[in-house]
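Student: I'd like to learn how to read a fold like this one. Can we go through it feature by feature?

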Amino acid sequence: MSTYWQSLFVALTLAPATTWAQRSVVIPAGTRLTVRLNEDLSTENKHKGSIFSARLEKPIMVDGRVVVPSGAVAYGRILDVERNKRVGRSKLDGTLTSLMIAGREVPIVTDVVGAEGKRGGGLVKVGAGTLIGGIAGSAIAGAAVGAGVAAVMRGSDLVIPAGTIGEVGLKHDVVLRR
């Protein structure tokens, strides 16, 4: 067999493997996602199972390449809501469940992020994720940033204002098929 035919045979044999490798990218577990809420999350108007949305503040990079651009929509689900009662505390926990990438909804599993009100007023952050701050457009969001906490109490209800930035980590690898 001539060198030309041997080279062609090797190229054709390896082509499917190379093409397959180029078609998928893995976002590793532990990757931090920074998102900005699109809507208020409140113990007054959300319940367990409610869906909410956010946008990526920073792109997701793998090996120096942008695999998910900033501005991509992320969807989440409320895991736990407790309204303030005489004895209890207000609490609101959620997690991100999917990302919209190139028109496809890709399932993800992330840390829990949320907030909990203290007895007698004030706030405590809860969950493995982090609430970073709010936008300075509303008095409530501005107060949240000034206090260093991204949630506020409105009467007996806990509110995480729209525009609040949160950071969560992926619990599992995410395989993106191209």
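Student: Let's begin with strand pairing. Which residue in β8 does Ile-78 stand opposite?

Tutor: Keep in mind that this is a predicted model. To read pairing, you look for residues that face each other across two strands. Here Ile-78 has Gly-94 of β8 across from it. That pair belongs to a ladder in which β7 and β8 run antiparallel, joined by eight bridges.

Student: How many bridges join β4 to β7, and how do those strands run?

Tutor: Five bridges link strand β4 (residues 51-56) with strand β7 (residues 73-82), and the two run antiparallel. As a landmark, find Ala-54, which stands opposite Ala-74 in β7. Ala-54 also turns up in another pairing: Leu-37 stands opposite Ala-54 in β4. There β2 and β4 run antiparallel, with three bridges between them.

Student: Which residue of β15 does Val-35 stand opposite?

Tutor: Val-35 faces Gly-166 in β15. The β2 strand and strand β15 (residues 165-169) run antiparallel and share five bridges. So much for pairing; next comes burial.

Student: Is Leu-96 buried or exposed?

Tutor: To judge that, compare the relative accessible area with the cut-off: under 20% is buried. Leu-96 has 5%, so it is buried. The residue sits in strand β8, which spans residues 91-101.

Student: What does Leu-96 touch?

Tutor: For a contact list, skip the sequence neighbours and see what remains. With residues up to four places away left out, the contacts of Leu-96 include Leu-33, Val-35, Phe-52, Ala-74, Ile-108 and Val-168. You can also set sequence distance beside spatial distance: Leu-96 and Val-112 are 16 residues apart in sequence and 8.1 Å apart in space, C-alpha to C-alpha.

Student: Where is Thr-43, in terms of the strands around it?

Tutor: Thr-43 is found in the loop between β3 (41-42) and β4. A loop position alone doesn't tell you about burial, so check the number: Thr-43 has a relative accessible area of 2% and is buried. Among the residues Thr-43 touches are Val-81, Arg-83, Lys-91, Leu-92 and Asp-157.

Student: Moving on to the core, which residues touch the most other members of the largest nonpolar core?

Tutor: With a core, look at who is best connected and which element supplies the members. Ile-27 and Val-68 touch the most other members of this 31-residue core. As for elements, β8 gives the most to this core, with four residues. The contacts of Ile-27, beyond residues up to four places away, include Ile-60, Val-62, Val-68, Leu-170 and Leu-176.

Student: Now charges. How many salt bridges does a search of the whole structure find?

Tutor: The search finds six. For each one, read the N to O distance, then ask where the partners sit. Asp-111 pairs with Arg-32, their closest N and O atoms being 3.2 Å apart. Asp-111 lies in the loop between β9 (104-107) and β10 (113-117) and Arg-32 in strand β2 (residues 32-37), so this bridge ties together parts 79 residues apart in sequence. Asp-111 counts as buried at 12%, while Arg-32 is partly exposed at 36%.

Student: How far apart, N to O, are Asp-80 and Lys-91 in their salt bridge?

Tutor: The distance is 3.5 Å, N to O. Asp-80 lies in strand β7 and Lys-91 in strand β8, so the bridge ties together parts 11 residues apart in sequence. Asp-80 is partly exposed at 23%, and Lys-91 is partly exposed at 21%. Bridges can also share partners: Arg-32, Asp-111 and Glu-167 form one network this way.

Student: And empty space? How many cavities of 30 Å³ or more does the structure hold?

Tutor: The general idea is that rolling a probe the size of a water molecule over the atoms shows where empty space is left. This structure holds one cavity of 30 Å³ or more. The largest cavity has a volume of about 190 Å³.

Student: Which residues lie nearest the centre of the largest cavity?

Tutor: Of the 21 lining residues, Leu-37, Leu-41, Phe-52, Val-113 and Leu-131 lie nearest the centre. The elements giving two or more residues to that lining are β2, β4, β8, β10 and β15. Among the elements, β8 gives the most to the lining, with five residues.

Conventions. Residues are numbered from 1 along each chain as its sequence is written. This is a predicted model: local features need pLDDT of at least 70, side-chain atom pairs count only at pLDDT 80 or more; totals for chains, interfaces and linings use all residues. Side-chain values use heavy atoms; hydrogens and water are left out. Buried means under 20% relative accessible area, exposed over 50%, partly exposed in between (1.4 Å probe, protein chains only). Contact means heavy atoms within 4.5 Å. Two strands pair if DSSP finds at least two bridges between them. A salt bridge is a side-chain nitrogen of Lys or Arg within 4 Å of a carboxyl oxygen of Asp or Glu. A nonpolar core is a set of buried Ala, Val, Leu, Ile, Met, Phe, Trp, Tyr and Cys residues joined through side-chain atoms within 4.5 Å. On a 1 Å grid over the protein atoms alone, a cavity is a set of points where a 1.4 Å probe fits but cannot get out, and a pocket is an open set with protein on both sides within 12 Å along at least five of seven lines; lining residues have an atom within 4 Å of a point. Grid points are joined across faces, edges and corners, and a volume is the space filled by probe spheres set on the points.
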